[in-house]
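The following exercises are to be worked with the sequence and the model side by side. Each task is followed by a solution in steps.

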Amino acid sequence: MKTLPKTSTHLNVCGSNFFKLGKLLQDFKDPRKSFEKSVGKNEKVIIKFNLLSKTKHTLTYEVKHIHPEDSLNDYIIRFCVFIDAKMVEVISFQGEKPFPFYIKNKSVLQSSDEKHQQNTFFFDLLENLLTFAEEIIE
């Protein structure tokens with residue numbers, strides 16, 4: 001299969017997200033998982049993963065980043081886990097979804113690299129969780 005340089009980078013990020021998320025969620029066995037992370041002297045952030053739907057080859061999760069002291073830093077990411085392709089792709093960030101391919105009006109489309117930015121942001125979140133998560137909350 002021929003891949004373009006931009007597609008190749010996107011596939012690498014989505015593939016890495018699959019393996020990092022597999023470590024965090026113990027191979028996707030738990031429908032819910034929470035982590036706590038220190039961000040200051042007495043400040044902690046809670047990150048909650050919640051399984052929304054499950055089919056034979058895909059899982060749809062939601063991750064909530066909750067900052068009890070500063071709600072401006074809260075966010076929600078929805079992502080799809082493709083078990084057979086071993087990829088994880090962000091499908092919604094803060095409720096914003098990419099426009100479907102059939103929308104023809106180019107003036108309303110989001111930036112061309114937004115999907116890549118969302119998946120890269122998710123990559124960084126998973127990397128931080130693997131490195132700095134202090135304790136798991138059940």
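**Exercise 1: a histidine in a strand**

His 65 is found in strand S3; strands are DSSP runs of E with at least two residues, helices are DSSP runs of H or I with at least four residues, and both are numbered from the N terminus. The model is predicted, so that local features need pLDDT of at least 70 and side-chain atom pairs count only at pLDDT 80 or more, while totals for chains, interfaces and linings use all residues. Residues are numbered from 1 along each chain as its sequence is written, and side-chain values use heavy atoms, with hydrogens and water left out.

Task: Determine whether His 65 is buried or exposed, and list what His 65 touches.

Solution.
- Step 1. The classes rest on relative accessible area: buried is under 20%, exposed is over 50%, and partly exposed lies in between (1.4 Å probe, protein chains only).
- Step 2. His 65 has 13% relative accessibility and is therefore buried.
- Step 3. With residues up to four places away in sequence not counted, His 65 touches Val 45, Ile 46, Ile 47, Asn 73, Asp 74 and Tyr 75; contact means heavy atoms within 4.5 Å.

**Exercise 2: the order of elements**

Task: State how many helices and strands the protein chain has, and in what order they run.

Solution.
- Step 1. The secondary structure comprises two helices and six strands.
- Step 2. Read from the N terminus, the order is α-β-β-β-β-β-α-β.
- Step 3. Of the 138 residues in the protein chain, 31% are buried.

**Exercise 3: the nonpolar core**

Task: Identify which residues of the largest nonpolar core touch the most other members, and which elements each supply at least two residues.

Solution.
- Step 1. A nonpolar core is a set of buried Ala, Val, Leu, Ile, Met, Phe, Trp, Tyr and Cys residues joined through side-chain atoms within 4.5 Å.
- Step 2. The largest such core has 22 residues, and Leu 21, Phe 49, Phe 79, Val 81 and Phe 122 touch the most other members.
- Step 3. At least two residues of this core come from each of helix H1 (5-24), strand S2 (44-54), strand S3 (58-66), strand S4 (75-82), strand S5 (87-93) and helix H2 (114-132).
- Step 4. Leaving aside neighbours within four places in sequence, the contacts of Phe 49 include Leu 21, Phe 79, Leu 126 and Leu 129.

**Exercise 4: the buried side of H2**

Task: Which residues of H2 are buried, and why do they lie on the same side?

Solution.
- Step 1. The buried residues in H2 are Gln 118, Asn 119, Phe 122, Leu 125, Leu 126 and Leu 129.
- Step 2. They lie on the same side of H2 because they cover an arc of only 115 degrees around the axis; the arc is that of the directions from the helix axis to the C-beta atoms.
- Step 3. An α-helix has 3.6 residues a turn, so residues three or four places apart point the same way.
- Step 4. Leu 126 has 0% relative accessibility. Outside four places in sequence, Leu 126 is in contact with Asn 17, Lys 20, Leu 21, Leu 24 and Phe 49.
- Step 5. Leu 126 and Asn 17 are 109 residues apart in sequence, and their C-alpha atoms are 7.2 Å apart.

**Exercise 5: partners distant in sequence**

Task: Describe where Leu 59 and Gln 94 are placed, and give a C-alpha separation for each.

Solution.
- Step 1. Leu 59 lies in strand S3 and is buried at 4% relative accessibility.
- Step 2. The C-alpha atoms of Leu 59 and Val 81 are separated by 5.0 Å, although their positions lie 22 residues apart along the chain as the sequence separation.
- Step 3. Gln 94 is in the loop between S5 and H2, where Gln 94 is partly exposed at 44% relative accessibility.
- Step 4. Gln 94 and Ile 76 are 18 residues apart in sequence and 5.1 Å apart from C-alpha to C-alpha.

**Exercise 6: positive phi and cysteines**

Task: Which phi values do Asp 27 and Lys 86 have, and how many disulfides are counted?

Solution.
- Step 1. Asp 27, which is not a glycine, has a positive phi of about 55 degrees. Asp 27 is exposed, with a relative accessible area of 56%.
- Step 2. Lys 86 likewise has a positive phi, near 55 degrees, and is found in the loop between S4 and S5.
- Step 3. A disulfide is a pair of cysteine sulfur atoms within 2.5 Å; by this rule the count is zero.
- Step 4. Cys 14 is buried at 0% relative accessibility, and Cys 80 is buried at 10%.
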